[in-house]
Amino acid sequence: MQEIKVYHSTRSRSVTASPSQAVLQGIAPDGGLYTLDAYSSETADYRHLLALDTLEMTAEILSSLLPDYGRGKMRSIVRDAYRDKYTSEVLTPVVPAGENGMLELFHGPTSAFKDFALSILPFLMRESSVLCGSQNEVLILTATSGDTGKAALEGFRDVKGTRIIVFYPDQGVSPIQKAQMVTQSGNNVCVCAVRGNFDDAQNGVKQIFTSDHIRQILHSRAVCLSSANSINIGRLAPQVVYYFIAYREMIKLGRIRCGDLLDYSVPTGNFGDILAGFIARQMGLPVGKLICASNANCVLTDFLRTGVYDRCRPFHLTLSPSMDILISSNLERLLYLISQDADLVKKLMDDLKNSGRYTIPAFMLEELQDVFFPAFCNDQETLHTIREVWDHYHYLCDPHTAVAWNAAEQYHKAFPAHHPTVVLATASPYKFPSAIQEALGIASVGNGYETMRNLSSLTGVPVPPNLKKLESKPVLHTDVIDKEAMSDYVLAKAVEKQWNR
Ligand SMILES: *Cc1c(COP(=O)(O)O)cnc(C)c1O
C-alpha cells in the first residue's frame, strides 16, 4: 500500500484529509484550503514526465498529487475524462507568436482554460465518493466570474450522484458568457444570478460551506456540499499538468532545451492558475519567473510589490471579467507554502476578514519576489495589445490573454536577460467579440453573434462550434437573487426533488 500524503488546512495542520476526502469536501471545515506541506515530488521526475504523451503525463502528475486513487484507476479516469472533449490531441497546444509561445488552453468544450480541470473533476469526485464510502449526493456550489460556471456545468451535467448550482454576478460577466450559462441543459444543473460582484458571490458560497447549520440540514437529507472552484484541490491539481505540456511543446518547437528555465505569464484572478505553475515548479519543472498579470483590479500587483494586501479599493468592471476579483482565494495556499506557518496564515486571513487588509513579513515578500513578477494593464492598454499582437503576429488574443501578453512585455523590458516565455491563452477571443471588434477598429455590425461571424470572416480565425451553436439555444435559467438570499436559495433547491425542466 502506497503511503498516503495527507492534506491539511492552510489554517491548521491538525485539520487533515486524505486526497480523496479533500476533493470531496472542497474546502476545509475551518475555512482554510487543503494543501500539502510541499509539492516536491519523489515519485515523478520531470524529465520522465516530459517524455510522456499528454494523457500519460496527466495520469502520472495526478497520481503523484492525489496518491490514494491509485495509478491504474487514475489512468482510466484520465482516459474517460478527456475522451472526445478536445479538438487537439495535445489538448493544450503551444502556438508561436513572435518570441513568445501561446499556450492555448481553450480547445475544450466551453472554450475556456477551466475546461481542462473541470473535464476531470466530476470523475475525481465520483471516485472520491467510492474511496470515502459516501452514499450521499454531492451538491456542487460554485461562484463564477464567467468561465468556471459554464465549464463546471458542462463537466457535471447529468453526472450521476451530483447536482450543481452556479452563482454568477448579474452585471459581471460578458454577454456570451452569460448566454453560455443560462442556456445550459441537464437534469442536475441550476444557474442563478446574484445582485453584486464576483467577490459577493464567492463570499456567499464560502459562508454556506462553513455554516454548520446548513451542513447539518443537508446532511440529514443525505446531501454533502463540494466546490468546483479552485479552492478545491481536485480542480487545482489538473492545472499543474499544462505547465509540463507547455514545457514539452517548447522543446519540440526548438525554443528551449530540456533543463532550461522557462518563464510563464499568467492572467490572474483567483490565483488558481498561477499557483498551479508554482506547484509545477516545486515538483521540479524548470520554471523561471511566473509573471502575475492583472487588469485594473491590481490588488495582486500591489501586494507582490509591497507585501501589503489591501482589498479596500474601488472595484472595476473591465474587459477581462474573469479577473475582476479583489479576494484571490488561492493566495492563501501560497502564503502557507512560503511560510510553512498555519498560525500566521490564519492570522493574515482573519486580518483580511476583519479589516480588509494584511501585511506579510519581509522574508516572505523576498521569497515571493524571487519567483513572481507582478504587472497590470488597464482596458485601454488591453485593447492596444490585442491590436498590436494581431497586426504584428496575426494572432488573435482574447482580453485576458492580452493582459498576460502585456505583462510579459513589461517583464521583458525590465529584464532584458529574461528566459523564453509562454503566455497562457485562457479563453477563445470569440467569448469577447465586442472587445475584439473595438480593439481592431472594426465597425459594429449588431449583436454578439453577428460580430463573431464578421470577425471570423475578416480574420480567418474560426468560431468554436460550441459558441456558434449558442444563438439558437433557449434560455432555461432566469433566477436573480440578492446576495443575502443565497443560503436560503440553496436550502430550497436542495429539497426540490426534480430540477428537470
Ligand atoms: C478564470 C480565468 C482567469 C483567471 O484564473 P484564476 O485561476 O482565477 O487566477 C483568467 N482568464 C480567464 C479567461 C479565466 O476564465
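Me: Which residue in strand 8 does V166 stand opposite?

Reply: In this predicted model, V166 stands opposite V191 of strand 8. That pair belongs to a wider pairing, in which strand 7 and strand 8 (residues 189-195) run parallel and are joined by six bridges. Between these two strands the chain passes through helix 8 (residues 175-182), and the resulting β-α-β crossover is right-handed.

Me: How many bridges pair strand 6 with strand 7, and in which sense?

Reply: Strand 6 (residues 137-143) pairs with strand 7 in the parallel sense, over six bridges, and within that pairing V138 has T162 as its bridge partner. Here the chain leaves strand 6, passes through helix 7 (residues 147-156) and enters strand 7, again making a right-handed β-α-β crossover.

Me: Why is strand 7 described as largely enclosed by the rest of the structure?

Reply: A residue is taken as buried when its relative accessible area is under 20%. Eight of the eight residues of strand 7 (residues 162-169) are buried, so the strand is largely enclosed by the rest of the structure. The burial holds for both directions: T162, I164, V166 and Y168 point one way, while R163, I165, F167 and P169 point the other way.

Me: Which residues are closest to the ligand, and what polar contacts does the ligand make?

Reply: The ligand is surrounded by 14 residues, of which K114, D147, G269, N270 and D273 are the closest. One oxygen atom of the ligand lies 2.8 Å from a backbone N or O atom of N270, an oxygen atom is 3.2 Å from a polar backbone atom of G272, and a nitrogen atom is 2.9 Å from an N or O atom in the side chain of T426. Of the 380 Å² of accessible area that the ligand has on its own, the protein covers 98%.

How values were computed:
Residues are numbered from 1 along each chain as its sequence is written. This is a predicted model: local features need pLDDT of at least 70, side-chain atom pairs count only at pLDDT 80 or more; totals for chains, interfaces and linings use all residues. Side-chain values use heavy atoms; hydrogens and water are left out. Buried means under 20% relative accessible area, exposed over 50%, partly exposed in between (1.4 Å probe, protein chains only). Helices (H or I, at least four residues) and strands (E, at least two) are DSSP runs, numbered from the N terminus. Two strands pair if DSSP finds at least two bridges between them. A crossover is right-handed if, with the strands pointing away from the viewer, the path from the first strand over the helix to the second runs clockwise. A residue is near a molecule or strand if one of its heavy atoms lies within 4 Å of it. A polar contact is a pair of N or O atoms within 3.5 Å; within protein, one must be able to donate a hydrogen and the other to accept it, and residues adjacent in sequence count only if both atoms are side-chain atoms. Accessible areas come from the Shrake-Rupley method with a 1.4 Å probe; for residues, only the protein chains shown count as cover.
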